[in-house]
Amino acid sequence: MTIHEIVKDKRQRIYIEKGNTEKLSAVEALTFEPHIGLHGSLYGFNGGVLTEL
């Protein structure tokens with residue numbers, strides 16, 4: 001699973017991951033990816049598109 005900030009330009013995303021020292025209070029909104037998926041599945045929906053995880 002990936003957690004990142006929601007921004008207009010993907011290059012400006014802040015990812016919540018090991019080693020990142022940015023505080024959650026520094027971002028306006030977060031999202032989890034994949035947005036929809038079955039536990040144990042190789043696929044999930046992200047932005048309405050079926051994607052291999």
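Read along the sequence, the protein follows a β-β-β-β-β pattern, with five strands and zero helices. Both kinds of element are DSSP runs numbered from the N terminus, a helix being H or I over at least four residues and a strand E over at least two. The model is predicted, so local features need pLDDT of at least 70 and side-chain atom pairs count only at pLDDT 80 or more, while totals for chains, interfaces and linings use all residues. Residues are numbered from 1 along each chain as its sequence is written, and side-chain values use heavy atoms, with hydrogens and water left out.

Turning to overall dimensions, the C-alpha atoms fill a box of roughly 30 × 25 × 15 Å along the principal axes. Of the 53 residues, 11% are buried (under 20% relative accessible area; exposed means over 50%, and partly exposed lies in between, with a 1.4 Å probe and protein chains only). The protein exposes about 4700 Å², and carbon and sulfur atoms supply 55% of this area (Shrake-Rupley method, 1.4 Å probe; for residues, only the protein chains shown count as cover).

On the surface, Ile-36, Leu-42, Tyr-43, Phe-45 and Leu-50 form a nonpolar patch, together offering about 530 Å² of accessible area. Patch members have over 30% relative accessible area and no salt bridge, and nonpolar side chains (Val, Leu, Ile, Met, Phe, Trp, Tyr) are joined within 5 Å, like charges within 9 Å; a salt bridge is a side-chain nitrogen of Lys or Arg within 4 Å of a carboxyl oxygen of Asp or Glu. Within this patch, Ile-36 belongs to strand S3 (residues 36-37) and is exposed, at 55% relative accessible area.
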